[in-house]
Amino acid sequence: MRYIIVDDEPIARNGIKKMVDQIPQLELLGSFNSAETASEFLKHTPVDLIFLDIRMSGINGLEFARNIPKLTLIIFTTAYSQYAVDSYDVDAIDYLVKPINPLKLRKAVDKAINYHTLLLAEDKKNLNQTQEDYIIVKSDRRFFKIQHHDILFIEGLKDYVIIQLENERIITRMIVKQIHEILPQQLFLRINRSFIVNKSHINSFDNNDVFIKDYEIGIGSAFKNSFFECMLKLKQ
């Protein structure tokens, strides 16, 4: 599980890090002194778990927790026990009062790991590659069979993806990385953090954008080299 720490006290951040460093299932992605800086990070990087303080300057932890992706789990770490009841409103995994007891932290993390495993299992039910030429996705309490060649592109939106077909859009709960891994790599290409395109539907492209029918999709700087290598080889 990939996690971040959000706390305006450097000593508290370091203390949590030292305790969590002993848990091999967790990988630290970043440590932030405010909800604002953490929010910017989350716009571009999926996170499984957040150790989150409540009383911070600017946006407090409870406000921040209400606006994070649904699949991101929260363990509150605070010096104030009176907010425990409020933490249930944002479905927090646990509520730890400072100074944090290492055993209680480990129990909270174990609970988060178990819950995360259940979430991943549920996501696999929503998306399955059952044959070489199509996928089945769950959307609005129905299962849709989608041929690979009918997909124009896929757009990520928080913890959902939008599958764009010729005359239809299908939305399912999944992150871009997960759906990209299950699609045939010889046909689909990720061109920025939020978009996967079907190479067979690309009408044209330039240094900055891909054009598919009436859609114009930007090529992310981190993906340009792999995109041009793939497309130029494709056209040789």
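Q: Where does H116 sit in this model, and is the residue buried or exposed?
A: The model is predicted, so treat what follows as a reading of computed coordinates. H116 is part of helix 5. To read burial, compare relative accessibility with the cut-off: under 20% means buried. H116 comes in at 12%, so it counts as buried.

Q: Which residues does H116 touch, beyond those up to four places away in sequence?
A: Skipping those neighbours, H116 touches M1, D48 and L73. L73 comes up again in a nonpolar core, where a second, separate set of 19 residues includes L73, I100, L105 and A108. Let's get the overall frame before we go there.

Q: Okay, how many helices and strands does the protein have?
A: Seven helices and 16 strands. The C-alpha atoms fill a box of roughly 60 × 40 × 30 Å along the principal axes. Of the 236 residues, 45% are buried.

Q: What share of the contacts joins residues at least 24 apart?
A: Take the contacts between residues at least 6 apart in sequence: 48% of them join residues at least 24 apart.

Q: Now the cores. Which residues in the largest nonpolar core touch the most other members?
A: A core is read as a network of buried nonpolar side chains, and here you look for its best-connected nodes. Of 20 residues, those are I4, V6, L42, I50, L52, F64 and F76. At least two residues of this core come from each of strand 1 (2-6), helix 2 (35-42), strand 3 (49-52), helix 3 (61-65) and strand 4.

Q: Take L42 as an example. Which residues is L42 in contact with, leaving aside neighbours within four places in sequence?
A: L42 is in contact with I4, V47, I50, F64 and I68. Among them, I4, I50 and F64 are also on the list of core residues that touch the most other members.

Q: Next, pockets. What is the volume of the second largest pocket?
A: About 310 Å³. Of its 15 lining residues, K70, L71, T72, V90 and D91 are the closest to the centre.

Q: Which elements each supply at least two residues of that lining?
A: Strand 4 (73-78) and helix 5 (102-126) do. Helix 5 is also where H116 lies. For the chemistry, sort the lining by residue class: 10 nonpolar, one polar and four charged.

Q: What about Q164: is the residue buried or exposed?
A: Q164 is buried, because its relative accessible area is 6% and the cut-off is under 20%. The residue belongs to strand 10 (residues 160-164).

Q: Which side chain does the side chain of Q164 make a polar contact with?
A: With that of R169, at 3.1 Å. Leaving aside neighbours within four places in sequence, the contacts of Q164 are D150, I151, L152, F153, R169 and Y215.

Q: And I212, in which strand is its place?
A: Strand 15 (residues 209-212). I212 has a relative accessible area of 0%, so it is buried. With neighbours within four places set aside, I212 is in contact with L152, F153, V197, H201, I202 and N203. L152 and F153 also appear among the contacts of Q164.

Q: How far apart are I212 and Y160 in sequence and in space?
A: Sequence separation and spatial distance are worth reading side by side. This pair is 52 residues apart in sequence and 22 Å apart C-alpha to C-alpha. For S81 and K111, the values are 30 residues and 20 Å.

Q: Where is S81 found, and which residues does S81 touch?
A: S81 is in the loop between strand 4 and helix 4 (84-87). Not counting residues up to four places away, S81 touches Y95 and V97. S81 is partly exposed, at 49%, because the exposed class needs over 50%.

Q: Last topic, the backbone. Which peptide bond is cis, with omega near -5°?
A: As background, most peptide bonds are trans, and most residues other than glycine have a negative phi. The bond from K98 to P99 is cis. P99 is found in the loop between strand 5 (94-97) and helix 5.

Q: What is the phi of D140, and what is that of R141?
A: D140 has a phi near 55°, and R141 one of about 65°, both positive in residues that are not glycine. D140 lies in the loop between strand 7 (134-139) and strand 8 (142-147), and R141 has its place in that loop too. D140 is exposed at 63%, and R141 is exposed at 78%.

Definitions and conventions
Residues are numbered from 1 along each chain as its sequence is written. This is a predicted model: local features need pLDDT of at least 70, side-chain atom pairs count only at pLDDT 80 or more; totals for chains, interfaces and linings use all residues. Side-chain values use heavy atoms; hydrogens and water are left out. Helices (H or I, at least four residues) and strands (E, at least two) are DSSP runs, numbered from the N terminus. Buried means under 20% relative accessible area, exposed over 50%, partly exposed in between (1.4 Å probe, protein chains only). A polar contact is a pair of N or O atoms within 3.5 Å; within protein, one must be able to donate a hydrogen and the other to accept it, and residues adjacent in sequence count only if both atoms are side-chain atoms. Contact means heavy atoms within 4.5 Å. On a 1 Å grid over the protein atoms alone, a cavity is a set of points where a 1.4 Å probe fits but cannot get out, and a pocket is an open set with protein on both sides within 12 Å along at least five of seven lines; lining residues have an atom within 4 Å of a point. Grid points are joined across faces, edges and corners, and a volume is the space filled by probe spheres set on the points. Ala, Val, Leu, Ile, Met, Phe, Trp, Tyr, Cys and Pro count as nonpolar, Asp, Glu, Lys and Arg as charged, and the others, Gly among them, as polar. A nonpolar core is a set of buried Ala, Val, Leu, Ile, Met, Phe, Trp, Tyr and Cys residues joined through side-chain atoms within 4.5 Å.
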